[in-house]
Amino acid sequence: MATPDLLPIDVATLVDRCACGSRRILVGMPDSAFEITATKPGSHAKPLALAPLKEGLAPEKRALAEDLRALFGVLDVSVRRYALRRHLDASSVTRYLSGERVPSWEFVAGLIDDVREATAPLIPAAEAALHETHRTAQKSNRRSSEMQALQDELAGADEETRRIKARQRALEEALMDRERNLRESVSRCRRLEAQIDDEQSAHRADVALWEGEYEQLRRECDDLSQDVLFLQEALAVARAELIAAEGQCHQLEADLEAMTQGEGRGQGASSLMAALEAANTTASVAELVQVVGDLEARTQQAMARELVSAASRSRRVEEVAALLSGLQEAGLPAHADTAIPALVMTRPVAETTALAGALHRAGFEDGVAALLRASVELHSPCDIIGLCLGLGRDRLGELAESLLAAAFVVRPTADVVAIDVWAAGTDAEPATVTALGPAVGRRSAHELVELSIALRAAGRHRHADALPAEVAERREARDVVNVIECFTDRGLASEGDRVFAAAQERTVPHVLALVRGLVQGRHSDAAARVVDRAVAQWPAADIAHMITDLYVTDHLHQSAQALMSAMRNSAVPTQLLFHYLDEVSPGAEAVVQMVAATGSPERTAHLLTCLENGGQAHLAEVVFQQTLAQKPTGHAGLFLDVLACSGAAVMREADLYERASAASGPDMAPLLLALAAAGRNTAVGAVVLGCTASHDLSDHVLLVRQLHNLDHPLKPRAADVLHQIVVAVVQNWPMEEQATLVVALAQAGLTHDSGLLTTRAAASRPKFRSLLKSEQTKHAQKVLSRTFWRKGSHDGPTALSG
């Protein structure tokens, strides 16, 4: 039979009445439609013996009858033969074709299938138009219309039932998987509990042994403590007896000496105190040192201290300095330290200054320190400045600075301000600025805030301005944060900002500690500013050190911020930055994975783009794979959409095709669903073409299953992807391999997908169904085959004799 010419008509119209009166019906695909003509009597083809149309038909029924007659004419069979073929009554078929009765849609669908097998299928638009004509004709018959509506509802309910069953199977598989994991976890827990019980039993034995040893040692310690107490009491008694015996010996020696010299007659000997007073007024410094040594040897320490104090108050400064130095050289420094406070309280400031200079020149530095300490504790602010000025005139500026530093550390805040005010306009004023540093390093945060407020209230702005820099320089990072918080709480945010700015000028470890302290104090915004400022000013090596330090101390947000800021900064060389990151643990890859795991889709996409532009293709691939594997489909879809909008190389269709061609099919499921979520249908097509380039059946079955497993039940996206896969397979695979894939999908329980592929392939190629049937039954054993009846067959009966 010759192939008729293509008919160039509108595909939305099923039947076209031409000038010749024939009816043309389009069958086949849109790009290869065949014209099938039911000719009238008198044409070259043999006319069909059909009953004429019934007179007085409604236009809807007449149109349907004409379309059915045109389709029936293609079959080139009689009404009776067709009725037998379809197990129908011939009179019913005649009534359908004459328009006397409106057939059910099953009859029309069967007629369409018969036309498809005989010639070629109707194009979808023609079949839809015929369906609409059938509905219009049924509306004229209320009963038929209601029956068809019920049938449509039944079909919809059946489709919903199948969908629910598929979902039920998926949920059952997920439940079985979770139950299996639960059983494994419970088994592991039981093993660990048994292991813990064993270890606890072993430890209990060790603990019991150690407790016995500890109890024995405790008893020994108690016994030894009792012995120590007894011996200490005995030693105290012996020392008292020794002191009494030595006193008696000294008394007897004095009496004996008095009797020998004849001083015992008359009014008696002078008292010891009278002798000491005479020694204080007439003895030289060396003799005084000797007397103090004798008194110390005779356990008369109180008398010795009183003699030194009296000499310090009454003698000239030079002699006092010589006495204190001599006591130091004689090994009697305690008497010198005791005399200094009384000397500071009774002597004028000028004499105290001279004494400090004399002790310094004599090398008695401990005495100088004791003198300055007593001056800090006992002098008024005015006297402290007077002492500093005197030390300055004697060219002892270091001692003056030490005095002021000690005063700023230990004196109350009001005294510190008073000392600073008394020093205004004098030579001691520069030393007060220097002395502020030690005070900042030793005082609490609240005291520093109070000091700053008091200094500004007293008009000492120079010192108040120097205080923030000293705080940043001398205090630890956590203390700096506390000072900033104290300033802020007192409404002095500007002072806190000065401290904050000065703290960022310190070394890298200090700045990192400052960031950690700010985060712990819940000042994340301030920590972010410190990180950004450091990235803008530091070299690549220090930035890498900061990123790594923040990562290992679990400050992941700040570490990610530092990396992203560095990559946005064109002044930071990307290659060099990642080189430094790889030199220390945990390495660049771990940091990049952390940023991708904790960031938004936009930040992750920007990270990948920066890595691509910076020549870090390996790390860019790590970010790409991790986002697809670990993030939800919606998150991954936004990530891919941002990449596509920015023109990233990884989203080019050629690159997607190569990626899919080189990868395993199931591995592409997350990428396909994410692209579908992003609405990138063209990119989905490129990946699908790459996946279908390989004709590996198991790969494709696993890909389809993985798409269903990963699909979101509330936002399904796998259907669109599967549709593109089916289209690609039908267009590019041989018909035999398509049939094999249909069978494989059905055997894997993916019946819905198998049906979709079957419908699409059969619509494209009429012979597909017969080929599919052969593929489905090629391994089935035929009853009449010789193998089935062979003796010993496991399926068939025993062989027949003869």
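**Figure 1. Helices α34 and α35 are roughly antiparallel to each other in this predicted model**. The axes of α34, which spans residues 697-710, and α35, which spans residues 718-732, come within 10 Å and cross at roughly 165 degrees, and because angles over 145 degrees count as roughly antiparallel, the pair falls into that class. The crossing in which α34 passes α35 is right-handed. On the α34 side the contact involves Leu-703, Val-704, Leu-707 and His-708, which meet Ala-718, Val-721, Leu-722 and Ile-725 of α35. Sorted by class, the residues of this contact between α34 and α35 comprise seven nonpolar, one polar and no charged.

**Figure 2. Helices α32 and α33 are likewise roughly antiparallel to each other**. Helix α32 (residues 669-677) and helix α33 (residues 681-692) have axes that come within 8 Å and cross at roughly 160 degrees, and the crossing of this pair is left-handed. Leu-671, Leu-672, Leu-675 and Ala-676 of α32 make the contact with Ala-683, Val-684, Val-687 and Val-688 of α33. The contact of α32 with α33 contains eight nonpolar residues, with no polar and no charged ones.

**Figure 3. Gly-690, a residue of helix α33, is shown with its surroundings**. With a relative accessible area of 2%, Gly-690 is buried, since residues under 20% are placed in that class. Leaving aside residues up to four places away in sequence, Gly-690 touches Tyr-657, Ala-660 and Ser-661. The C-alpha atom of Gly-690 is separated by 7.7 Å from that of Leu-656, although the two residues are 34 residues apart along the chain.

**Figure 4. The buried residues of helix α21 are on the same side of the helix**. Within α21 (residues 493-503), the buried residues are Glu-495, Gly-496, Val-499, Phe-500 and Ala-503, and they cover an arc of only 140 degrees around the axis, which puts them on the same side of α21. An α-helix has 3.6 residues a turn, so residues three or four places apart point the same way. The helices against which the buried residues of α21 pack are α18 (445-457), α19 (461-474), α20 (477-489), α22 (508-520) and α23 (524-537).

**Figure 5. Ser-452 of helix α18 is shown with the residues it touches**. The relative accessibility of Ser-452 is 2%, and the residue therefore counts as buried. When residues up to four places away in sequence are not counted, Ser-452 touches Ala-464, Leu-467, Phe-487 and Glu-495, and Glu-495 is itself one of the buried residues of α21.

**Figure 6. Helices α22 and α24 meet in a right-handed crossing**. The axes of α22 and of α24, the latter covering residues 540-552, come within 11 Å and cross at roughly 35 degrees. The contact joins Val-508, Leu-512, Val-515 and Arg-516 of α22 to Asp-542, His-545, Met-546, Asp-549 and Leu-550 of α24. Its residues divide into five nonpolar, one polar and three charged.

**Figure 7. The protein as a whole has 38 helices and three strands**. Of the 802 residues in the protein, 39% are buried. Among contacts between residues at least 6 apart in sequence, 66% join residues that are at least 24 apart.

Conventions
Residues numbered from 1 in each chain as written. Predicted model: local features only at pLDDT ≥ 70, side-chain atom pairs only at ≥ 80, totals over all residues. Heavy atoms only, no water. Axes fitted to C-alpha atoms, helices over the stretch in contact; angles between N-to-C directions. Helix = DSSP H or I, 4+ residues; strand = E, 2+ residues; numbered from the N terminus. Parallel < 35°, antiparallel > 145°, perpendicular 65-115°, else oblique. Left-handed = near helix turned anticlockwise from the far one by under 90°. Contact = heavy atoms within 4.5 Å. Nonpolar A, V, L, I, M, F, W, Y, C, P; charged D, E, K, R; others polar. Buried < 20%, exposed > 50% of the residue type's maximum accessible area, 1.4 Å probe, protein only. Arc of directions from axis to C-beta.
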